[in-house]
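Hi there,

Here is the complex I promised to pass on to you. Have a look at it first, and then read on for what I found in it.

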Amino acid sequence: MTAGLTARMRVRRGGFDLDLDVAVAPHQVVALLGPNGAGKSTALQALAGLVPLTDGAVAVGDRRFEDTAGRLRVPAERRGVGMVFQDYLLFPHLTARDNVAFGLRARGVARRTAHAKADAWLERVGLIAYARSRPGALSGGQAQRVALARALVVEPDLLLLDEPLAALDAGTRIEVRAELRHHLADFAGCTVLVTHDPLDAMVLADRIVVVEHGRAVQSGAPSEVARSPRTDYVARLVGLNLLRGKAKGHGVALECGGSFVTRDTVDGSAFVAFSPTAVALHRSRPDGSARNVWHGRVVGLEQHADTVRVQVDGPPPVLADVTTAAVAELDLTPGAPVWVAVKATEVSCYPA
Amino acid sequence: MPASTSPDHRLVAARARPPLPLLVPGLLALGFLVLPLLGLALRAPWRRLPDLLTSAQVLDALRLSLMCALLATLLSLLLGVPLAWLLARTDFPGRRIVRALVTVPLVLPPVVGGVALLMLLGRRGVVGQYLDAWFGLSLPFTTAAVVLAEAFVAMPFLVIAVEGALQATDSRYETAAATLGASRWMVFWRVTLPMAAPGVVAGSVLCFARALGEFGATITFAGSFPGVTRTMPIEVYLRLQSDPDTAIVLSLLLLAVSVLVLAMLRDRWTRSGLT
Amino acid sequence: MKKMVGLALLGALAAGCASEEEPADKAGEQSRQVVVFAAASLQESFEAIGTEVEADHPELLVTFSFGGSSALAPQIVSGAPADVFAAASPATMQQVVDKDAAAGEPVLFARNRLQIAVPPDNPADVDSLDDLADPDLKLARCAAEVPCGDAAERALAAASVEVEADTLEEDVKGVLSKVELGEVDAGLVYRTDVQAANGKVKGIDFPESGKAVNDYLIAPIADAPEPDGAAIFVEFVRSERGRKILSDAGFDVP
């Protein structure tokens, strides 16, 4: 029997319906990635025992937390999971040390021992100097580390991270993300991470489950999800153009009209994905080697770091990343007619 | 919790001239509240003050008043805080009605409260008759009756203040404590209560002040006997009929004690702010 | 909560209207108003007398201000629009006489004496002042600072009985209500109070009460707005019919 997490969760609350299965092996990090309101946080709360299941079962190894069929429900305080909240929820009236020691004290560990263990964890996250500080005196990054130490000091089998980096500014975020990755690598239990930031999911998770409208729409290794998005949401997240159609050999007849030639051979329903940088724009019909060429109209322009993302109406509609110089040269303004070209070698196709 | 006002705010407030329709009634209200107290001080027989203040009867009444108000506050804390928690943190049918009932003693004339206590705990009261018959216990005319009468009138202040404080504290901290393995009691004791501490202190101050000034319910339920049930307000009322000078001195003393307690607790309260 | 406050306000308004309506109507008939300031213990008998006076003299309207004598006297001295003052003790009447506020010599018109009041079933089996000395007995009396307490001390001293009261009340009504509610076994109150309690307490006479009698005095006021009405009222109090009403209420009438 493995000590992993197996969860079959069905939660119905008001008009919202969550139906999600999650399995996490020990030492593995699974990210629930999805837009706000998709139900990721509800899933996390259900795992923690803060929201009752309407139907389903949750277990870590042979410890059963909840089973609606067996009318079993272990309350949150007896599940022994570690949880890190988006805004940390460090107790404002307790010092950093007492915050970290809280879970141990709740388990009846003597004050002295609890403080020693808390200090060891504060040392580990580099905050021993702040042991006597109240949370109000800590920066966002420091508070996040204390919250992580508080969750991990009790050596839980299951660690739940609810948007652990969302409250941090961009600079701190990179640093804390790297550290978190380091701590997760040392952690022997199962970790479920909830995030709406694809980068968090890519860096921290071994496996990503994309959640939309309370359902898992795609799951797999981060690279796999990034390469082959299956919904517009994921495609937008990973910055790819995603089209859907019927494939036969190298050709795909798109649902929205037009057709595509790809490097892969697929038969039946398929997704077509390619990066906006693979899209070239021209004033007149290009003669080059590109196999996929069509006529469209510029709908919008958006300045990115050193490129301009151009939204072109099709069919099919696509996003193209071009240089600022190209925008001026081609005189790209909303409403301008334009020719679009994508090389077949840049286009991936996979079964839907 | 009163956050420290930024200097900018104060500047803006000082520069804006308050409109007369607010300024005039506001100053009138201030005068109306403060001038009677000033009158009390002006009319006081300052020369006889030391003698009057150190008389055994005055000291008895003062000691009794402070002790009873303190015990009433403790009783209110012991019972009122859990009630406030139930109102703020649990959902049960008729909770709104219960909340309304809790506030009834606030609008009830205290004498009526005293009569109600007699009806329940008096020698012939619904419960009191059994206390008397089975245990030979008779509450009226005892110091315990003073404490009960004061707690009856003052506890709602505490319950309302604490409930407000609990409603205002983020219950997600309690969720966090639960995920850390804390039992519901530990959550209350180590998280909820400390976080609501400013409200609890404020409620206790209100409760104590109200208990200290209690008159109607006390005289009705506990009677008036020097050193046993005759608290300062009753002594004041009694002396007013025979010896107004002493009554004025006692009133001043009561006023001084109230101001002192408020000042002391207020200071501690603002310092105990979180962060 | 809001609703309850609303109801309470409504009640207060209704009560206010009810009590003001009646005099307002009568005043509309151009009657002359006689204002009588009287000790609280006279309320029942004086209201009965007022009705009779109005029946005899339809042009008169008698209105009362009842209160503690020691509270009323200063009001009269400082110019309250009173026509008649009836005090429960010579001392309070003297305050008015001293300031030349009384028209003529005050006259004694009634006496009140103490009685032992017990609940109707008399649970402690009290029948004399001596019984009050029992330490297990719950006893209420007035504090020595107020007239009824002073009278109680004099009576107990006369009988040489040492009693320990459980409560020393601020006024006689406080004592009476504690007897009525059965919270005490006995209380020392005026005979008129027992009478007014209408059977809710039982009165027990004791011989020593003669040593602690309150004398009630009445006098018209010097600057009375309605001197004729005042004279008519005082005369009625001392008449055969007035004496009958007072004696029915429990007063001794000279």
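A word on terms before the strands: two strands are taken to pair if DSSP finds at least two bridges between them. Please also keep in mind that this is a predicted model.

By that rule, chain A has a long-numbered stretch worth opening first: strand β12 of chain A (residues 241–254) and strand β13 of chain A (residues 259–274) pair in the antiparallel sense, with 12 bridges. If you want a place to start on this pair, A:Lys246 stands opposite A:Ser269 in β13(A). The hairpin of β12(A) and β13(A) has 4 residues between the strands, and A:Gly257 there takes a positive phi near 105°.

Further along chain A there is an open sheet of 5 strands with antiparallel pairing, and its order is β14-β18-β15-β16-β17. Which strands stand at the edges? They are β14 (279–282) and β17 (318–323) of chain A; each has a single partner strand, so one side of each is left without a neighbour in the sheet. On average, neighbouring strands of this sheet are turned by 45° against each other, direction ignored. Within the sheet, strand β15 (residues 292–303) of chain A runs antiparallel to strand β18 (residues 337–342) of chain A, and 6 bridges join them. There you will find A:Gly296 opposite A:Val338 in β18(A).

Now to chain C, where I looked at a pair of helices. The axes of helix α2 (residues 43–56) of chain C and helix α8 (residues 227–238) of chain C come within 10 Å and cross at roughly 120°. Angles of 65 to 115 degrees would count as roughly perpendicular and those over 145 as roughly antiparallel, and α2(C) and α8(C) are therefore oblique to each other. The crossing of α2(C) past α8(C) is right-handed. On the α2(C) side the contact is made by C:Ile49, C:Glu52 and C:Val53, and on the α8(C) side by C:Ile232, C:Phe233, C:Phe236 and C:Val237. Sorted by class, this contact of α2(C) with α8(C) has 6 nonpolar residues, 1 charged residue and no polar ones.

How do the chains meet? There are 2 pairs of chains that touch, and the most contacts are between chains B and C. In that pair, 18 residues of chain C are in contact with 19 residues of chain B. On the side of chain C that touches chain B, the elements giving two or more residues are α1 and β7 (167–169) of chain C. That side of chain C has 9 nonpolar, 4 polar and 5 charged residues.

The contact between chains A and B takes 20 residues from chain A and 17 residues from chain B. On the chain B side, α9 (172–179) and α10 (184–195) of chain B each supply at least two residues, and α9(B) gives the largest share, 7 residues. The residues on that side of chain B divide into 11 nonpolar, 5 polar and 1 charged. Chains A and C do not touch, and their nearest C-alpha atoms are 31 Å apart.

Finally, some notes on confidence. The predictor gives the complex an ipTM of 0.77 and a pTM of 0.75. Chain C averages a pLDDT of 84, and 88% of its residues score at least 70. Confidence in chain C is highest in strand β3 (residues 84–87), at 94, and lowest in helix α1 (residues 2–27), at a mean of 40. Over residues 1–28 of chain C pLDDT stays under 50, and the model has 9 contacts beyond four places in sequence for them.

Best wishes

How values were computed. Residues are numbered from 1 along each chain as its sequence is written. Chains are lettered from A and ligands numbered from 1 in the order in which they are written. This is a predicted model: local features need pLDDT of at least 70, side-chain atom pairs count only at pLDDT 80 or more; totals for chains, interfaces and linings use all residues. Axes are lines fitted to C-alpha atoms, for helices over the stretch in contact, and angles run from 0 to 180 degrees between N-to-C directions. pLDDT is the predictor's confidence in each residue, from 0 to 100. Two residues are in contact if their C-beta atoms, placed from the backbone, lie within 7 Å. Angles under 35 degrees count as roughly parallel, over 145 as roughly antiparallel, 65 to 115 as roughly perpendicular and the rest as oblique. A crossing is left-handed if the near helix is turned anticlockwise from the far one by less than a right angle, and right-handed if clockwise. Ala, Val, Leu, Ile, Met, Phe, Trp, Tyr, Cys and Pro count as nonpolar, Asp, Glu, Lys and Arg as charged, and the others, Gly among them, as polar.
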